[in-house]
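Work through the exercises below with the sequence and the coordinates at hand. Each task is followed by a solution in steps.

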Amino acid sequence: MASLIISADVLAKLASKHNVSRREVEQCFDNRCGMYLVDDREDNQTDPATLWFIAETNYERVLKVVFVPQDGNHHLKTAYEPDAIEIDIFERIGK
């Protein structure tokens, strides 16, 4: 996915903290069903808005993917296994 931009710092955090690879994030974009949701929490507001979704990798690992769309690219902020509350929100609003 050429439009996925991941900084070196984010890539390091994905590997060390969440054990998530770039390929897994790409698979989530490819496998996404539903809409992108806006992260409107005050501490997470960006311009343009931070978006997120939950999807499975090709090996059925469920990840929450958080990114900022800008200039036709997807700038990844983080990706990790979501908790039950995040899954519930996405199931109710995002699908």
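**Exercise 1. Place Q45 in the chain and decide whether Q45 is buried or exposed.**

Solution. The model is a predicted one.
Step 1: Q45 sits in the loop that links β2 and β3.
Step 2: the relative accessible area of Q45 is 53%. The cut-off for exposed is over 50%, so Q45 counts as exposed.
Step 3: leaving aside residues up to four places away in sequence, Q45 touches D39 and D40.

**Exercise 2. State how many helices and strands the protein chain has, and in which order the elements run.**

Solution.
Step 1: the protein chain contains three helices and five strands.
Step 2: read from the N terminus, the order is β-α-α-β-β-β-β-α.

**Exercise 3. Work out the order of the strands in the sheet and find which strands stand at the edges.**

Solution.
Step 1: five strands make up an open sheet, ordered β1-β5-β4-β3-β2, and the pairing is mixed.
Step 2: β1 and β2 (37-38) are the edge strands; each has a single partner strand, so one side of each has no neighbour in the sheet.
Step 3: take the pairs in turn. β1 and β5 run parallel and are joined by two bridges. In this pair, I5 is opposite H75 of β5.
Step 4: β4 and β5 are antiparallel, with seven bridges. Here V65 is opposite A79 of β5.
Step 5: β3 and β4 are also antiparallel, and six bridges join β3 to β4. E56 is opposite V62 of β4.

**Exercise 4. For the hairpins β3-β4 and β4-β5, find which turn residue has a positive phi, and classify its accessibility.**

Solution.
Step 1: the hairpin of β3 and β4 has five residues between its strands. E60, in the loop between β3 and β4, has a positive phi of about 65° although E60 is not a glycine.
Step 2: the relative accessibility of E60 is 62%. This is over the 50% cut-off, so E60 counts as exposed.
Step 3: the hairpin of β4 and β5 has two residues between its strands. D71 lies in the loop between β4 and β5. Phi of D71 is positive, near 55°, and D71 is a residue other than glycine.
Step 4: with a relative accessible area of 73%, D71 is exposed.

**Exercise 5. List the buried residues of helix α2 and name the strands they pack against.**

Solution.
Step 1: helix α2 covers residues 22-31. Buried requires a relative accessible area under 20%.
Step 2: E24, V25, E26, Q27, C28 and F29 are buried in α2.
Step 3: the buried residues of α2 pack against β1 (4-5), β3 (51-56), β4 (62-70) and β5 (73-80).
Step 4: for the reading of such a list, an α-helix has 3.6 residues a turn, so residues three or four places apart point the same way.

**Exercise 6. Locate R92, classify its accessibility, and give its distance from N19 in sequence and in space.**

Solution.
Step 1: R92 belongs to helix α3 (residues 84-94).
Step 2: R92 has 54% relative accessibility and therefore counts as exposed.
Step 3: R92 and N19 are separated by 73 residues in sequence and by 27 Å in space, C-alpha to C-alpha.

**Exercise 7. Compare the radius of gyration of the protein chain with that of a compact globule, then describe the chain as a whole.**

Solution.
Step 1: for 95 residues, a compact globule would have a radius of gyration near 12 Å. The protein chain has 12 Å, which agrees.
Step 2: the C-alpha trace spans about 35 × 35 × 25 Å along its principal axes.
Step 3: 40% of the 95 residues count as buried.
Step 4: among contacts with a separation of 6 or more, 48% are between residues 24 or more positions apart.
Step 5: the accessible surface of the protein chain is about 5,700 Å², and carbon and sulfur atoms account for 49% of this surface.
Step 6: the protein chain has 11 positive and 17 negative charges, and the mean positions of the two sets are 2 Å apart.

Key: Residues are numbered from 1 along each chain as its sequence is written. This is a predicted model: local features need pLDDT of at least 70, side-chain atom pairs count only at pLDDT 80 or more; totals for chains, interfaces and linings use all residues. Side-chain values use heavy atoms; hydrogens and water are left out. Helices (H or I, at least four residues) and strands (E, at least two) are DSSP runs, numbered from the N terminus. The radius of gyration is taken over C-alpha atoms; the globule rule is 2.2 Å times the number of residues to the power 0.38. Buried means under 20% relative accessible area, exposed over 50%, partly exposed in between (1.4 Å probe, protein chains only). Contact means heavy atoms within 4.5 Å. Accessible areas come from the Shrake-Rupley method with a 1.4 Å probe; for residues, only the protein chains shown count as cover. Lys and Arg count as positive and Asp and Glu as negative; His and the chain ends are not counted. The place of a charge is taken as NZ of Lys, CZ of Arg, CG of Asp or CD of Glu. Two strands pair if DSSP finds at least two bridges between them.
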